[in-house]
Amino acid sequence: MIAKNCKNNQLPLEIKAKFDELKILKHLRQAGIQKAFGFSSGYLFQLIFRLIFTQRNWYRLLESNKADDLPGKDAVYRFLNYPKFAWRRFLTTLSVFTIRKVSRLTSACHTKVLILDDSSFYRDRSKRVELLARCFDHAKRRHYKGFRMLTLGWSDGSTFLPIDFSLLSSSKEKAKINDIDSTIDKRCSGYKRRIEALQTAPEQIPGMVKRALSNGIDASYVLMDSWFTQQPLIKALTDQGIDVIGMVKPTNQRYRVGSQWVGLKTLYRLSKSVTGHKEILRSIRTTMANGVPVKVVFVQNRNKQSEWLAILSTDCTLTEREIIRTYGMRWDIELFFKATKSFLKLQKEFQGRSYDLLISHTTIVFTRFILLSWQNRCSTDNRTLGGMFYELCDEMNELDWVVALTQLMDILHDALTKTKKSIKKWITCQLTQWIESLPNYIKVYLPRLGCES
């Protein structure tokens, strides 16, 4: 096994400390992500992890003057394309470990939730990517080539952490462009994730929530958008012992009021007005067609004053304001999607045809976000995730001269050990005075030298 090259293992100081604190390499080994020969998995993982902070992609880094000290292009792509690595197990154990650390900083009475949503994963320029499909972007109202990234995350209102994800293709032959690679071993985790990609989101969501809860994640509610708040899915989640809060739209779903079954618009007319809250219009307790009791709160649509929005909760003990406040935490996952795509190069940093590469790189991007979120939570200043990202990029640029300055100090130290005691004492005092006169941001990288009087 080729040992890690310290010259290339140049994580920024803030990242290195949190990298070790979250025991990321330990979780990598526990998930079975290891190699028998060549560059270690830990070294390749760190190399890809820090790539974003150098503000270069892998191709540009290989074209730079640092290419001689880097592994070949094939070594990195073989690592990302390997189908037997359990990336889901790695992400889950890392998330659970981080959530437990975050929970120590959160009050026990504070609401903790699981958040579900999907986002577009574009590969418009691709033709032969495995399981590539035509999907529809509801935000831009257009079709695109790529996947739907179904994501499950955890939030306490201050920190959001991704737990699980699935890149959904399509089981419809008209929408599916490419199929599963026939050479993939059907016993490996990579093949299982390919099969999951052909399922629908409602089929996968109960399993994702069950895995999160079985790993000990503390959450009281599952928050969902109106695309997922369907009665069969709500029933499947409540059967697992967790309540659901989500927005609902006027559809064919029916609610029981007295002896009659009504739609959402009729339910609004039958509900009672809420006084004391300008934006909360009405609320009502009812029962869905599958027998699950719910409380529906109708609020003012800020974008169109003449319309209302409906928020459903299976926990009928919550007040109207508590339901609205808890559902507002769902916005954290939208900020997560924005950060990973804008700052962390999701879907852009590596281009490959293998479905395994998409899974592995997305997991590494999520790991970057987890580390930045933990650093942001521990930080005492008011830096945002975006501002912290650019500060870490600046630190990566400083690391080159830091390494050179450290090497110079090592050479001087080796030379002093071979000189006479009187000359060594005089040179050490001069160096100490010189170091003390430097700015603080330089002194932190230099060793402390003792000067005897």
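In the predicted model, three cavities of 30 Å³ or more are found within the structure. The largest cavity encloses about 70 Å³ of space, and its lining is formed by Tyr-82, Pro-83, Phe-85, Trp-87, Ser-189, Gly-190, Arg-193, Tyr-355, Asp-356, Ile-359 and Ser-360. Two helices, helix 7 (189-197) and helix 13, each provide at least two residues of this lining, and the largest share, amounting to four residues, is contributed by helix 13. When the lining residues of the largest cavity are sorted by class, six are nonpolar, three are polar and two are charged.

The cavities lie in a protein chain of 453 residues, of which 52% are buried, and the secondary structure of the chain comprises 16 helices and twelve strands. Of the contacts in the chain between residues at least 6 apart in sequence, 66% link residues that are at least 24 apart.

Helix 13 (residues 355-378) also takes part in a packing arrangement with helix 3 (residues 41-49), in which the axes lie 10 Å apart and form an angle of about 75°. Because angles of 65 to 115 degrees count as roughly perpendicular, helix 3 is assigned a roughly perpendicular orientation relative to helix 13. On the side of helix 3, the contact involves Phe-45, Ile-48 and Phe-49, which meet Ile-364, Thr-367, Arg-368 and Leu-371 of helix 13. The contact between helix 3 and helix 13 contains five nonpolar residues, together with one polar and one charged residue.

A second packing of helix 3 is made with helix 5, where the two axes come within 11 Å and cross at roughly 100°; helix 3 and helix 5 are therefore roughly perpendicular to each other. This contact is built from Ser-41, Leu-44, Phe-45, Leu-47 and Ile-48 of helix 3 and from Ala-75, Val-76, Phe-79 and Leu-80 of helix 5. The residues in the contact of helix 3 with helix 5 comprise eight nonpolar and one polar, with no charged residue. Phe-45 and Ile-48 of helix 3 are thus listed in the contact with helix 5 and also in the contact with helix 13.

Within helix 5 (residues 73-81), the buried residues are Ala-75, Val-76, Tyr-77, Phe-79 and Leu-80. The elements that cover these buried residues of helix 5 include helix 3, helix 4 (58-63), helix 6 (87-103) and helix 13. In an α-helix there are 3.6 residues a turn, so residues three or four places apart point the same way.

His-361 is located in helix 13 and counts as buried, because its relative accessibility of 4% falls under the 20% cut-off. With neighbours within four places in sequence left aside, the residues in contact with His-361 are Leu-80, Lys-345, Glu-349 and Phe-350. Leu-80 in this group is one of the buried residues of helix 5.

Arg-29, by contrast, is placed in helix 2 (residues 24-30) and is partly exposed, with a relative accessible area of 49%. Although Arg-29 and Phe-90 are 61 residues apart along the chain, their C-alpha atoms are separated by 8.5 Å.

Key:
Residues are numbered from 1 along each chain as its sequence is written. This is a predicted model: local features need pLDDT of at least 70, side-chain atom pairs count only at pLDDT 80 or more; totals for chains, interfaces and linings use all residues. Side-chain values use heavy atoms; hydrogens and water are left out. Axes are lines fitted to C-alpha atoms, for helices over the stretch in contact, and angles run from 0 to 180 degrees between N-to-C directions. Angles under 35 degrees count as roughly parallel, over 145 as roughly antiparallel, 65 to 115 as roughly perpendicular and the rest as oblique. Contact means heavy atoms within 4.5 Å. Ala, Val, Leu, Ile, Met, Phe, Trp, Tyr, Cys and Pro count as nonpolar, Asp, Glu, Lys and Arg as charged, and the others, Gly among them, as polar. On a 1 Å grid over the protein atoms alone, a cavity is a set of points where a 1.4 Å probe fits but cannot get out, and a pocket is an open set with protein on both sides within 12 Å along at least five of seven lines; lining residues have an atom within 4 Å of a point. Grid points are joined across faces, edges and corners, and a volume is the space filled by probe spheres set on the points. Buried means under 20% relative accessible area, exposed over 50%, partly exposed in between (1.4 Å probe, protein chains only).
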